[in-house]
Amino acid sequence: MTVRSVALTASLLALSSMPALAQADSDESPIILGLGVGLESSLYKDINSEASPMPLVSLEYGDFWIQGEKAGYTLLKGDNWSLSPVISLGLGQGFEKDDVDKKSKLYDGLDDRDSGIGYGLALDYDLQWAELSAAVLNDTESSVSVELDLSREFAITESLSIEPGVNLAWRSSGYNDYYFGIDADEAAKNSLLSTYKAGSGMEMGLEVNATYQLSENWLLAASADYTRFSSDVTDSPLVESKHQTSLMVGIAYVF
């Protein structure tokens, strides 16, 4: 899973502002813990879609916070913005050769592409009519990502909240080449492949997150995400599709 899979962990920050939860002490943010199941279509050839457990986590302790697969510390803040150093798990479109179709020879001679751990800065800004999030992340593969997300929450009823959003991400050549490129050593081991150097590129996406309060303490969460990739990714001989979709459903408990 990727940091773009933040849509798969749902927008748990929005839960604390739902009318039914807002009755709690406004000085304390609720702690939300739960588990979901995410299904993400495979971007790679000969690798099937997979279902994975997804943490549903939202908690704050002073200026420290955790949201899904991301954790941070609120370093600076104003009336409608905050700036945080962050760490994010599962950055990147990785694959393991164990997940490849047993009949495929396409990945012979290739190394696994491991998802990295991202670290950097995140800015959250309340535009009054929407929420804007921006992040600049480096990762353990020394590649850079810049991510923007614009979303707005709609309280349909006291129990149901829907949050549509649009997102944009720039991936450096180091990022794209690690996950989708093929170096000379790998190409020499596989007659089906030739070297491929991936450049930097943009990703564009749409997402919808929904939450439904079952009771005072139990919540259902669901999300859907669509991402379209640049030609630097889709021209790779390893890549099958120009887009990727993901779905998540889960349940969480509010403390």
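**View 1. The whole chain and its accessible surface.** About 13,000 Å² of the protein chain is exposed, and carbon and sulfur atoms supply 57% of that area. Accessible areas here come from the Shrake-Rupley method with a 1.4 Å probe, and for residues only the protein chains shown count as cover. This is a predicted model, so to speak of local features takes a pLDDT of at least 70, side-chain atom pairs count only at pLDDT 80 or more, and totals for chains, interfaces and linings use all residues. Residues are numbered from 1 along each chain as its sequence is written, and side-chain values use heavy atoms, with hydrogens and water left out. The chain has three helices and 14 strands; helices (H or I, at least four residues) and strands (E, at least two) are DSSP runs, numbered from the N terminus. Of its 255 residues, 43% count as buried. Buried means under 20% relative accessible area, exposed means over 50%, and partly exposed is in between (1.4 Å probe, protein chains only). Take the contacts with a separation of 6 or more: 60% of them come from residues 24 or more positions apart, where contact means heavy atoms within 4.5 Å.

**View 2. Y44 meets F95.** The structure holds nine aromatic pairs, and here is one of them. The ring centres of Y44 and F95 are 4.9 Å apart with the planes at 70 degrees, so this pair is edge-to-face. Rings of Phe, Tyr and Trp (its six-membered ring) pair if their centres lie within 6.5 Å; planes under 30 degrees apart count as stacked, over 60 as edge-to-face and the rest as tilted. Y44 sits in the loop between β1 (32–40) and β2 (50–61), and F95 in the loop between β6 (81–91) and β7 (116–126), so the pair ties together parts that are 51 residues apart in sequence. Y44 is buried, at 3% relative accessibility, and F95 is buried too, at 4%.

**View 3. Another edge-to-face pair, W218 with Y253.** These two rings are 4.9 Å apart centre to centre, with 75 degrees between the planes. W218 belongs to strand β13 (residues 218–228) and Y253 to strand β14 (residues 243–254), so parts 35 residues apart in sequence are tied together by the pair. Both rings' residues count as partly exposed: W218 has 39% relative accessibility, and Y253 has 26%.

**View 4. The ring cluster and the largest nonpolar core.** Ring pairs link Y44, F95, Y107, Y175, Y178, Y179 and F180 into a cluster. At Y175, the charged end of R171 sits over the ring, 4.9 Å from its centre; the test is NZ of Lys or CZ of Arg within 6 Å of the ring centre and within 35 degrees of the ring normal. A nonpolar core is a set of buried Ala, Val, Leu, Ile, Met, Phe, Trp, Tyr and Cys residues joined through side-chain atoms within 4.5 Å. The largest one has 19 residues, and Y44, F95, Y107, F180 and L238 touch the most other members. Helix α1 (residues 173–180) gives the most to this core, with three residues. Setting aside neighbours within four places in sequence, F95 has contacts that include I47, L110, Y179 and L238. A second, separate core has five residues, among them W65, V86, A122 and L137.

**View 5. Strand β9 and its partners.** Side chains alternate along β9 (residues 144–151): S145, E147, D149 and S151 point to one face and are buried, while V144, V146, L148 and L150 point to the other and are not. Two strands pair if DSSP finds at least two bridges between them. Eight bridges join β9 to β8, running antiparallel, and L132 stands opposite L150. On to strand β11 (residues 160–171): seven bridges join β9 to this strand, also antiparallel, with A169 in β11 as the bridge partner of E147.

**View 6. Three loop residues.** D46 is not a glycine, yet its phi is positive, near 60 degrees. This residue lies in the loop between β1 and β2 and is partly exposed, with a relative accessible area of 34%. Q128, also not a glycine, has a positive phi of about 75 degrees. Its place is the loop between β7 and β8 (131–139), and Q128 is exposed at 66%. K105, in the loop between β6 and β7, is exposed at 52% relative accessibility. The C-alpha atoms of K105 and S191 are separated by 9.5 Å, though the two are 86 residues apart along the chain.
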